[in-house]
Amino acid sequence: MKPPLILGAGPAGAAAALRLARLGAEPLLIDRQQVPGDALCGGFLSWATIAQIEALGIDAAMLGGHRIDRLALFAGGQEIELPLPAPGMGLSRHRLDTLLRATATEAGVTFRLGHAVRTLTPTAITLDDGQALDWDSLFLATGKHDVRGAARPRDGADPELGLRLRLPASPARQRLIGGRIELHWVEGGYVGLLLQEDGSANLCMAVRKSRLIAAGGRPLGLIAALADRSPALADRLGDVSAAGSVDAIGDVPYGWRATTTWPGLYRLGDQAAVIPSLAGEGIGIALASAAEAVAQWQAQGRDGAERYQRHFARRALLPLRAAAGFRALGRYPGLLRVLSATPGAARLAMRLTRIAEA
Ligand SMILES: Cc1cc2nc3c(=O)[nH]c(=O)nc-3n(C[C@H](O)[C@H](O)[C@H](O)COP(=O)(O)OP(=O)(O)OC[C@H]3O[C@@H](n4cnc5c(N)ncnc54)[C@H](O)[C@@H]3O)c2cc1C
């Protein structure tokens with residue numbers, strides 16, 4: 001039998017590879033990036049995601065993230081603050097992905113880095129240098145990016161975009177954001193803000209493409225326009241024109257779940273289920289899918305893929321639905337007061353958006 005192939009060394013692929021290596025399966029992990037970049041992500045690790053990282057044998061203290069213990073919600077000119085059920089952290093993806101790759105290396109994973117996978121068929125992949133590799137068991141973990149032959153469907157109508165702007169450490173942001181993850185509802189989407197391990201702020205947002213077009217197609221122009229309409233955002237952003245460039249990812253298929261698959265093909269992370277990102281649970285889903293897929297692979301080898309995919313799709317349904325409901329909260333800002341007055345309901349909403357243990 002051929003060693004399992006893993007495509008993509010983000011949280012899903014790295015976690016699957018290290019679990020497979022610990023089973024003695026000698027996996028090959030392929031990623032187009034030689035060294036981890038700083039993936040477009042809000043950088044929020046929930047208490048539940050931290051527990052999953054610890055389950056991989058990584059000491060949470062080693063992550064060194066910025067402690068976050070409160071959630072602040074802004075909508076319709078209102079602001080409320082809620083305690084998190086347990087502390088989370090703000091951590092750059094560069095740091096998280098680097099640690100996961102290092103742990104996978106220690107576990108004996110073989111890497112093939114700096115090579116993009118171009119196509120995927122039910123029996124083989126081709127790399128950007130033209131090389132073809134046959135596979136028996138394949139873990140597809142290319143996250144936000146689709147591979148030709150196995151792309152996720154899109155609906156095409158006014159797609160949602162992800163945008164990210166890094167803001168340098170500043171006393172004003174330290175005072176205003178501090179130990180909070182902030183979610184600001186804006187027209188056509190939301191803006192998330194938190195501080196990361198080095199004190200810098202990560203602004204990450206999901207917004208309809210039509211909003212960007214209305215801002216002349218300029219991401220910085222869109223962010224500046226949102227700040228013009230929200231004093232709270234303006235206070236946090238300061239002079240946006242002095243900020244660096246904005247990273248963007250197009251057409252994020254929020255709400256999508258893989259309910260079926262090919263024999264031997266285990267879809268992980270964003271290739272298995274895409275949760276609305278304001279829930280801050282995408283990394284949790286990536287790690288949970290890796291754990292369940294590898295357990296199923298251990299039990300049934302390539303024959304377990306279909307069963308895994310169906311079961312994981314069911315498992316992801318509740319958090320995806322809960323996150324979609326949470327996203328709609330921005331349309332009813334009056335509900336913020338209800339949440340603030342009933343801490344039990346707020347805690348429940350936060351728990352329902354987490355992926356349950358298998
Ligand atoms: C705006 C926004 C904000 C978010 N905020 C948060 C948050 O705060 N907290 C949270 O938990 N989640 C958040 N998420 C979700 C989170 O980023 C994803 O769910 C998570 O990154 C999925 O992990 P993954 O391993 O599946 O994929 P990814 O992290 O996307 O990793 C994929 C890997 O595959 C590699 N790759 C891609 N294509 C190829 C190819 N063709 N060949 C070889 N390698 C390839 C990439 O280089 C990368 O290393 C956010 C998402 C968005 C869009």
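**Helices and ligand shell in a predicted model**

Analyst: α1 and α9 cross in a right-handed manner, a crossing being right-handed if the near helix is turned clockwise from the far one by less than a right angle, and left-handed if anticlockwise. The model is predicted, so local features need pLDDT of at least 70 and side-chain atom pairs pLDDT 80 or more, while totals for chains, interfaces and linings use all residues. Residues are numbered from 1 along each chain as its sequence is written, and side-chain values use heavy atoms, leaving out hydrogens and water.

User: Why are α1 and α9 called roughly parallel?

Analyst: Their axes lie 8 Å apart and the helices pack at an angle of about 30°; angles under 35 degrees count as roughly parallel, and α1 and α9 are therefore roughly parallel to each other.

User: What makes α9 and α10 roughly antiparallel?

Analyst: The axes of α9 and α10 (residues 305-328) come within 10 Å and cross at roughly 155°. Angles over 145 degrees count as roughly antiparallel, and this pair is therefore described that way; α9 also passes α10 in a right-handed crossing.

User: Which backbone and side-chain atoms make polar contacts with the ligand?

Analyst: A polar contact is a pair of N or O atoms within 3.5 Å. A backbone N or O atom of A12 is 2.9 Å from a ligand oxygen, one of V117 is 2.8 Å from a ligand nitrogen, and a side-chain N or O atom of K144 is 3.0 Å from a ligand oxygen. Of the 1000 Å² that the ligand exposes when taken alone, the protein buries 95%, with areas from the Shrake-Rupley method and a 1.4 Å probe.

User: Which elements give two or more residues to the shell around the ligand?

Analyst: They are α1 (11-22), β14 (201-208) and α9 (282-300), and α9 supplies the largest share, three residues. The shell residues divide into 15 nonpolar, 13 polar and six charged.

Technical notes. A polar contact is a pair of N or O atoms within 3.5 Å; within protein, one must be able to donate a hydrogen and the other to accept it, and residues adjacent in sequence count only if both atoms are side-chain atoms. Helices (H or I, at least four residues) and strands (E, at least two) are DSSP runs, numbered from the N terminus. Ala, Val, Leu, Ile, Met, Phe, Trp, Tyr, Cys and Pro count as nonpolar, Asp, Glu, Lys and Arg as charged, and the others, Gly among them, as polar. Axes are lines fitted to C-alpha atoms, for helices over the stretch in contact, and angles run from 0 to 180 degrees between N-to-C directions. Angles under 35 degrees count as roughly parallel, over 145 as roughly antiparallel, 65 to 115 as roughly perpendicular and the rest as oblique.
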